[in-house]
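Work through the exercises below with the sequence and the structure at hand. Each task is followed by a solution in steps.

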Amino acid sequence: MHGALHTASQVVFGLSPLLVSLSIFVLTYAIIVTEKINRSIVALLGAGLMIFSGVLNQTEAFAGLDLNTIGLLTGMMVIVAITQKSGVFQYVAVVAAKLVRADPWGLLVMLAVVTAVFSALLDNVTTVLLIAPVALLITDALKLNPYPYLFSVIFASNIGGAATLIGDPPNIMIGSAAKLGFNDFLWNMAPVAVGVFVLTLIPFYLIWGRKLYAAPEDRAQVMAFNEREAITDARLLKQSLFVISLVILGFVLAHNIAQEPATIAMFGAALLLLLRVFGKGAEEQTHDVHHTYGEVEWVTIFFFLGLFVLVAGVEKAGVLGILAREMVDFTGGDLHTAAFVILWVSAVASALLDNIPFVATMIPVIQNMAPVFGAENLNTLWWSLAMGACLGGNGSLVGASANLVVAGFAERAGQPIRFLPFLLMAFPLMLASIVVSNAYLWLRYL
Amino acid sequence: MSINAIPFFQPTTCLGPGENLMKALELMLENKTNHLPICDTDGTFIGVISTNAILRALIPASARVEGGLSNLKFVGDGVRMLTTHLHGLENLKVGEFAKKDMPVLQEDSPILEAVLLLSQTHAPLPVVGKDGKMRGVLSRRALLAYLAQQAGL
């Protein structure tokens with residue numbers, strides 16, 4: 001994301017670019033943290049200030065935009081916006097519940113598996129948005145407390161998201177900046193995600209699983225659910241599954257066909273849109289397409305755009321180079337220590353703050369460490385960052401957007417998930433997952 | 001001429017907001033009505049509890065709330081769940097399920113105003129006095145009966 005930044009900054013009033021860019025950056029991040037103003041507005045205003053103050057010119061700001069990340073995110077959002085209408089999430093959740101004969105513990109495991117798999121292949125927020133209501137419905141029918149189920153849906157979405165390139169925005173950013181593909185993530189991140197997932201089920205069982213009970217008559221009611229009725233549009237479902245399979249195949253073969261993920265995702269989005277509107281009149285096409293584009297999460301996209309410019313500003317002014325040198329000094333230039341520090345700091349930071357700005361900042365910092373650790377060793381640091389940022393999201397209710405979505409839904413449905421009780425259980429579980437990641441890093445890469 | 005002229009239905013019951021939904025349901029079934037007014041202890045009008053609200057309380061919360069399930073066909077008849085929820089009505093307060101943002105008629109509202117407001121709702125409207133206290137409920141049928149009488153039908 002850097003490289004085109006050559007011109008010297010002409011900062012207003014002859015102030016130090018370092019100081020001005022850092023002030024804008026810190027102020028912007030501070031306002032984002034307060035959540036008083038929508039984060040996308042704050043990021044765009046901060047980006048504008050970076051340019052107006054002379055830290056960057058517009059050309060340099062544009063060079064900072066990682067369009068591979070933006071393209072991949074937008075393309076997948078379009079695909080998900082269309083797919084979710086088919087009822088496939090509900091269908092799979094009901095099938096999963098029936099597979100375990102509506103046994104309460106089996107149900108918890110199955111819903112977690114379904115959430116993790118969908119979160120790995122699609123975005124976490126959409127997954128939990130569609131799985132949480134089904135989880136609530138089934139626990140309602142079984143007369144069970146929904147809390148353990150919603151809790152495990154949150155955990156599964158963040159763990160599943162960590163497993164693939166497209167599972168979680170931090171991975172998309174890291175993959176794009178470090179030229180790591182779908183297979184690299186699958187090969188390096190999926191094993192740790194599976195391990196953490198399985199190990200997390202143990203405390204879930206001890207805390208909740210062994211005490212869960214549902215009456216046979218209530219289980220029979222769930223067994224009588226007809227999953228086929230959950231499919232609202234069979235044609236749409238086939239089209240969506242076809243395109244998603246094609247896109248994932250594209251990601252897997254990206255290296256062989258020498259294509260970037262954004263191209264594959266955008267092409268998939270266009271293909272699905274084509275299938276969607278095929279044979280319809282012009283007016284209906286406009287309506288459908290307009291509606292689908294409307295469901296793209298523009299707040300996230302504009303947030304990313306603003307962040308990229310902000311980060312390009314502090315990068316050009318040399319702030320991130322200094323930060324990288326400080327981190328190298330702190331770790332004594334030792335790769336082991338650097339990997340562990342990045343893992344733990346990312347995890348704690350991502351538990352309490354939005355992991356997207358954190359990762360956006362850390363990417364150039366790690367790139368700046370290349371001369372010390374050698375470019376071939378940087379991958380270890382990328383995996384540290386990815387594990388910390390994705391799994392750290394489980395640490396608190398504000399750790400990831402998906403957590404907030406589940407909490408919001410639960411609140412409306414009269415089953416509130418409170419911040420502190422969640423934190424008291426989730427934070428230690430998150431730390432345990434980081435211990436597992438630490439061991440994995442150590443055994444596999446160091 | 002104001003709606004004072006119409007002999008509107010005097011409510012025999014005005015529920016307190018702390019009453020439970022089961023009580024409301026029993027009264028509705030007993031009195032064959034779809035709506036019951038809700039008042040403070042001093043008779044100040046608060047809102048209306050309807051059979052709609054009770055049906056809403058019976059469907060699973062996962063479908064009731066914003067962002068919930070929009071399709072429940074796959075659940076089947078759901079009678080077991082519905083009867084369970086029906087027993088749960090005892091724990092739900094009418095105040096939480098009451099409709100409170102409805103238009104309200106004043107005792108001295110003009111007849112035309114009453115016709116306009118009632119043409120826009122699917123429920124009878126409460127009539128309150130200047131003191132905010134509940135005076136009665138004006139139904140669409142009572143209003144039409146009065147107008148028919150005035151027209152000499």
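**Exercise 1. Count the disulfides over all chains and describe what is found.**

Solution. Take a disulfide as a pair of cysteine sulfur atoms within 2.5 Å; by this rule the count over all chains comes to 1. The model is predicted: local features need pLDDT of at least 70, side-chain atom pairs count only at pLDDT 80 or more, and totals for chains, interfaces and linings use all residues. Residues are numbered from 1 along each chain as its sequence is written, chains are lettered from A and ligands numbered from 1 in the order in which they are written, and side-chain values use heavy atoms, with hydrogens and water left out.

Step 1. The partners are B:Cys14 and B:Cys39, with an S to S distance of 1.9 Å.

Step 2. Place them, with helices (H or I, at least four residues) and strands (E, at least two) taken as DSSP runs numbered from the N terminus. B:Cys14 lies in the segment before helix 1 (21-31) of chain B and B:Cys39 in strand 1 (residues 35-39) of chain B, so the disulfide ties together parts that are 25 residues apart in sequence.

Step 3. The torsion about the S-S bond of B:Cys14 and B:Cys39 is about 70°, so the disulfide is right-handed.

Step 4. Sort the cysteines by relative accessible area: buried is under 20%, exposed over 50%, partly exposed in between (1.4 Å probe, protein chains only). B:Cys14 is partly exposed at 32%, while B:Cys39 is buried at 5%.

**Exercise 2. Compare the expected span of helix 5 (residues 88-99) of chain A with the distance between its end C-alpha atoms, then describe its surroundings.**

Solution. Step 1. The expected span is 1.5 Å times one less than the number of residues. For the 12 residues of helix 5 of chain A this gives 16 Å, and the end C-alpha atoms are 16 Å apart, which agrees.

Step 2. Buried residues of this helix include A:Val88, A:Phe89, A:Val94 and A:Lys98.

Step 3. Look for what covers the buried residues, contact being heavy atoms within 4.5 Å. The cover includes helix 4 (67-83), helix 6 (104-121), helix 7 (124-141), helix 12 (216-223) and helix 13 (234-252) of chain A.

Step 4. Just after helix 5 of chain A, A:Arg101 has a positive phi of about 50°.

**Exercise 3. How many salt bridges are there over all chains, and which parts do some of them tie together?**

Solution. Step 1. A salt bridge needs a side-chain nitrogen of Lys or Arg within 4 Å of a carboxyl oxygen of Asp or Glu. The count over all chains is 14.

Step 2. One of them pairs A:Lys85 with A:Glu295 at 2.8 Å, N to O. A:Lys85 sits in the loop between helix 4 and helix 5 of chain A and A:Glu295 in the loop between helix 15 (282-294) and helix 16 (298-317) of chain A, so the pair ties together parts that are 210 residues apart in sequence. Both count as partly exposed, A:Lys85 at 41% and A:Glu295 at 28%.

Step 3. A:Glu227 pairs with A:Lys98, the closest N and O atoms being 2.8 Å apart. A:Glu227 lies in the loop between helix 12 and helix 13 of chain A and A:Lys98 in helix 5 of chain A, so this salt bridge ties together parts that are 129 residues apart in sequence. A:Glu227 is buried, at 18%.

Step 4. A:Lys143 and A:Asp218 meet at 3.0 Å, N to O. A:Lys143, A:Glu217, A:Asp218 and B:Arg80 are linked in a network of salt bridges.
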